[in-house]
Amino acid sequence: MRIPAHSVCTAIRDDIVAGVHERGSRLTEELLARRYGVSRVPVREALRTLEAEGFVVTRRHAGACVAEPTEQEAADLLEMRLLLEPLGAARAAQRRTEAHLKVLRGLVRLGQERARRGYGDDLRSLGGWFHETLAQACGSAALTSTLTQLRHKIAWMYAVEPLPAPAETWAEHGAIVDAVARGDGERARQVTAVHAERSLALHRLRIPGQNRGAVARPGVVRTSQHAVNTSGLRN
């Protein structure tokens with residue numbers, strides 16, 4: 001399948017997150033160009049972008065390789081999310097458009113309906129769309145980009161268990177949207193902080209080099225403020 005050159009970076013990133021390109025594996029321009037149906041020029045540009053984002057590293061004598069984040073780097077991402085998602089929600093309460101609000105409300109209605117009917121398979125993607133839209137509503141290109149990269153990296157490094165109480169989760173989404181709609185930045189920040197905190201226990205650090213279903217045995221990785229269930233992988 002051939003894809004437009006401007007999509008090469010997204011395609012490689014998505015494949016890294018999905019585990020198609022394993023951590024530590026080489027990324028040769030020739031093979032990537034063949035895989036994505038483009039010339040080597042956009043592949044080279046994409047690799048530079050992905051290196052800046054932290055998905056790729058350049059090694060002496062090996063060239064571009066998929067990065068191998070440490071356990072601490074993975075824990076840092078969750079702490080950054082705890083700090084930045086509430087900020088994004090607070091900004092969205094002040095800067096959102098009616099179009100953002102319409103999409104957010106629609107996603108909440110759909111998510112609550114799916115949760116009531118037990119359609120768990122749909123909820124993860126709906127939750128992703130909800131948080132992407134909330135990030136876009138913050139009115140800051142830099143913050144939106146940072147939140148988007150955080151979500152990509154967390155999806156790469158962590159497996160997320162199914163929601164134990166999906167109706168409660170979508171009630172929290174509804175409360176976030178209500179605060180954003182009222183322009184109540186402080187309430188939006190508080191509800192989002194609680195929501196982000198509760199989601200941490202569902203994250204399990206992926207085991208590098210094993211299949212995507214393999215995750216670390218439950219343990220504890222501590223950030224400066226929070227404990228996250230993962231296991232002790234080597235740094």
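# Cores, helices and a hairpin

Visitor: Which residues does Ile12 touch, leaving out those up to four places away in sequence?
Guide: This is a predicted model, so every contact here is computed from it. Contact means heavy atoms within 4.5 Å. By that test, and not counting residues up to four places away in sequence, Ile12 touches His21, Leu32, Tyr36, Ala46 and Leu50.

Visitor: How many residues does the largest nonpolar core have?
Guide: Ile12 belongs here: Ile12, Val56 and Trp156 have the most contacts inside this core. Elements giving two or more residues to it include helices H1 (8-18), H3 (40-53) and H7 (141-157), along with strand S2 (63-66). In soluble globular proteins, nonpolar side chains tend to be buried together. The residue count of the largest core is 36.

Visitor: How many residues are in the other core, apart from the largest one?
Guide: Look for Leu134, Val180, Ala181 and Val191, which are among its members. This other core lies apart from the largest one, and its residue count is 21.

Visitor: At what angle do H1 and H7 pack?
Guide: Start with the residues that meet. Arg13, Ile16 and Val17 in H1 meet His152, Ala155 and Trp156 in H7. The residues of this contact divide into 4 nonpolar, 1 polar and 1 charged. The axes lie 7 Å apart, and the angle is about 35°.

Visitor: Is Arg13 buried or exposed?
Guide: Arg13 sits in helix H1. Leaving aside neighbours within four places in sequence, Arg13 is in contact with Leu50, Glu53, Phe55 and His152. The cut-off for buried is under 20% relative accessible area. Arg13 has 11% relative accessibility, so it counts as buried.

Visitor: What span should H7 have, at 1.5 Å a residue?
Guide: H7 has 17 residues, and the expected span is 1.5 Å times one less than that number. The end C-alpha atoms of H7 are 24 Å apart, which agrees with the expected span of 24 Å.

Visitor: Which residue in S2 is the bridge partner of Val56?
Guide: Strand S1 (residues 56-59) runs antiparallel to S2, and 4 bridges join them. The two strands form a hairpin with 3 residues between them. His61 in the turn has a positive phi of about 70°. In S2, the bridge partner of Val56 is Val66.

Visitor: What is the relative accessible area of Cys65?
Guide: Cys65 lies in strand S2, where it is the bridge partner of Val57. Not counting residues up to four places away in sequence, Cys65 touches eight others: Gly24, Ser25, Arg26, Leu27, Phe55, Val56, Val57 and Arg59. Buried means under 20%. Cys65 is buried, because its relative accessible area is 2%.

Visitor: How far apart are the C-alpha atoms of Cys65 and Phe55?
Guide: Phe55 is among the residues that Cys65 touches. They are 10 residues apart along the chain. Their C-alpha atoms are separated by 8.7 Å.

Visitor: What share of the residues in the protein is buried?
Guide: The protein has 9 helices and 6 strands. Among contacts between residues at least 6 apart in sequence, 71% join residues at least 24 apart. Of the 235 residues in the protein, the buried share is 44%.

Note on methods:
Residues are numbered from 1 along each chain as its sequence is written. This is a predicted model: local features need pLDDT of at least 70, side-chain atom pairs count only at pLDDT 80 or more; totals for chains, interfaces and linings use all residues. Side-chain values use heavy atoms; hydrogens and water are left out. A nonpolar core is a set of buried Ala, Val, Leu, Ile, Met, Phe, Trp, Tyr and Cys residues joined through side-chain atoms within 4.5 Å. Buried means under 20% relative accessible area, exposed over 50%, partly exposed in between (1.4 Å probe, protein chains only). Axes are lines fitted to C-alpha atoms, for helices over the stretch in contact, and angles run from 0 to 180 degrees between N-to-C directions. Ala, Val, Leu, Ile, Met, Phe, Trp, Tyr, Cys and Pro count as nonpolar, Asp, Glu, Lys and Arg as charged, and the others, Gly among them, as polar. Two strands pair if DSSP finds at least two bridges between them.
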